[in-house]
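This report describes the fold, the sheet, the core and the aromatic contacts of one protein chain. Please look over the sequence and the structure before reading on.

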Amino acid sequence: MSYEDLITQFGAQYGIEGLESRDGAAALLIDGMKIEIISDEAADCAVIYAEIGHPSPTSGGKLGETMLKANHLFLGTSGGTLCQNPDTDAYALMRPVPLARLESAEAFGAILEDVLSQVENWRQVLAGMREAESAEVAQQEEAAMLASGGFMQV
């Protein structure tokens, strides 16, 4: 299956009107997730690129470290790669799909569904880390106030 055939058949299979490739990429928004299906002609693949979200300014790279560990032997990515966009700083999951082995748009849909599930899981991890960071900052502020002789409201 060619990349162009994939985009056409996938759009028809799932009733996505107007899905088309522009400059080798087709963009979708699924359940609030930005998805791109990118042509990689050299590797004869379609690459699914799904944005996870942005790190918090106070994260200190903790999520990035967790993501790098998940990339190890693809244990946490099912053959995809977690990355950070150097232009936007957004975290994303990229997963190549070899076109030569792709049997149908439905098969691609199943792979995309798996990627979306992983992205949702990583979004939950990101939200959990943000929550933990907020709690840690609050604890540090409280400790600083107590150490300076300030009173804590109860």
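## Terms and overview

A residue counts as buried when its relative accessible area is under 20%, as exposed when that area is over 50%, and as partly exposed in between. The model is predicted.

The chain holds three helices and five strands. Read from the N terminus, these elements follow the order α-β-β-β-α-β-β-α. The chain has 154 residues, and 33% of them count as buried. About 9,400 Å² of the chain is exposed, with carbon and sulfur atoms supplying 53% of that area. Taking contacts between residues at least 6 apart in sequence, 57% join residues at least 24 apart.

## The sheet

The five strands form an open sheet with antiparallel pairing, in the order E1-E2-E3-E5-E4. Strands E1 and E4 (81–84) stand at the edges with a single partner strand each, so one side of each has no neighbour in the sheet. On average, and with direction ignored, neighbouring strands are turned by 25 degrees against each other.

Three of the pairings can be followed in detail. E2 and E3 are antiparallel and pair over six bridges; here Ile-35 has Ala-50 in E3 as its bridge partner. The hairpin of E2 and E3 has four residues between the strands, and Asp-44 takes a positive phi near 50 degrees there. E3 also pairs with E5 in the antiparallel sense, over eight bridges, and Ile-48 has Arg-95 in E5 as its bridge partner. E4 and E5 pair in the antiparallel sense over four bridges, with Tyr-91 in E5 as the bridge partner of Gln-84.

How many of the nine residues of E3 are buried? The count is nine of nine, and E3 is described as mostly covered.

## Helices against the sheet

H1 lies across E1, E2 and E3 and runs at about 145 degrees to E2. H2 packs on the sheet as well, touching E3, E4 and E5, and its direction makes about 155 degrees with that of E4.

## The nonpolar core

In soluble globular proteins, nonpolar side chains tend to be buried together. In this model the largest nonpolar core has 31 residues, and the members that touch the most others are Phe-10, Ile-35, Ile-37, Ile-52 and Phe-108. At least two residues of this core come from each of H1, strand E1 (25–30), strand E2 (33–40), strand E3 (45–53), helix H2 (62–71), strand E5 (91–98) and H3. H3 gives the most, with eight residues.

Among these core residues, Ile-35 is the one whose bridge partner in E3 is Ala-50. Phe-10 has a wide set of partners along the sequence: leaving out residues up to four places away, Phe-10 touches Ile-16, Leu-19, Leu-28, Ile-37, Ala-105, Phe-108, Gly-109 and Leu-112.

## The aromatic cluster

A pair of aromatic rings is described by the distance of the centres and the angle of the planes. Across the whole structure, a search finds two aromatic pairs. One is the tilted pair of Phe-10 and Tyr-14, with 4.9 Å centre to centre and 45 degrees between the planes. Phe-10 has a relative accessible area of 3%, so this residue is buried. Tyr-14 is partly exposed because its relative accessible area is 39%.

Phe-10 also forms an edge-to-face pair with Phe-108, at 5.3 Å centre to centre and 90 degrees between the planes. Phe-10 belongs to helix H1 (residues 3–13) and Phe-108 to helix H3 (residues 105–147), so this pair ties together parts that lie 98 residues apart in sequence. Phe-10 and Phe-108 are both buried. Through these ring pairs, Phe-10, Tyr-14 and Phe-108 are linked into a cluster.

## An exposed loop residue

Is Glu-103 buried or exposed? Glu-103 has a relative accessible area of 74%, so this residue is exposed. Its place is in the loop between E5 and H3. The C-alpha atoms of Glu-103 and Met-1 are separated by 7.4 Å, while the two residues are 102 residues apart along the chain.

Definitions and conventions
Residues are numbered from 1 along each chain as its sequence is written. This is a predicted model: local features need pLDDT of at least 70, side-chain atom pairs count only at pLDDT 80 or more; totals for chains, interfaces and linings use all residues. Side-chain values use heavy atoms; hydrogens and water are left out. Rings of Phe, Tyr and Trp (its six-membered ring) pair if their centres lie within 6.5 Å; planes under 30 degrees apart count as stacked, over 60 as edge-to-face and the rest as tilted. Buried means under 20% relative accessible area, exposed over 50%, partly exposed in between (1.4 Å probe, protein chains only). Contact means heavy atoms within 4.5 Å. Accessible areas come from the Shrake-Rupley method with a 1.4 Å probe; for residues, only the protein chains shown count as cover. A nonpolar core is a set of buried Ala, Val, Leu, Ile, Met, Phe, Trp, Tyr and Cys residues joined through side-chain atoms within 4.5 Å. Two strands pair if DSSP finds at least two bridges between them. Axes are lines fitted to C-alpha atoms, for helices over the stretch in contact, and angles run from 0 to 180 degrees between N-to-C directions.
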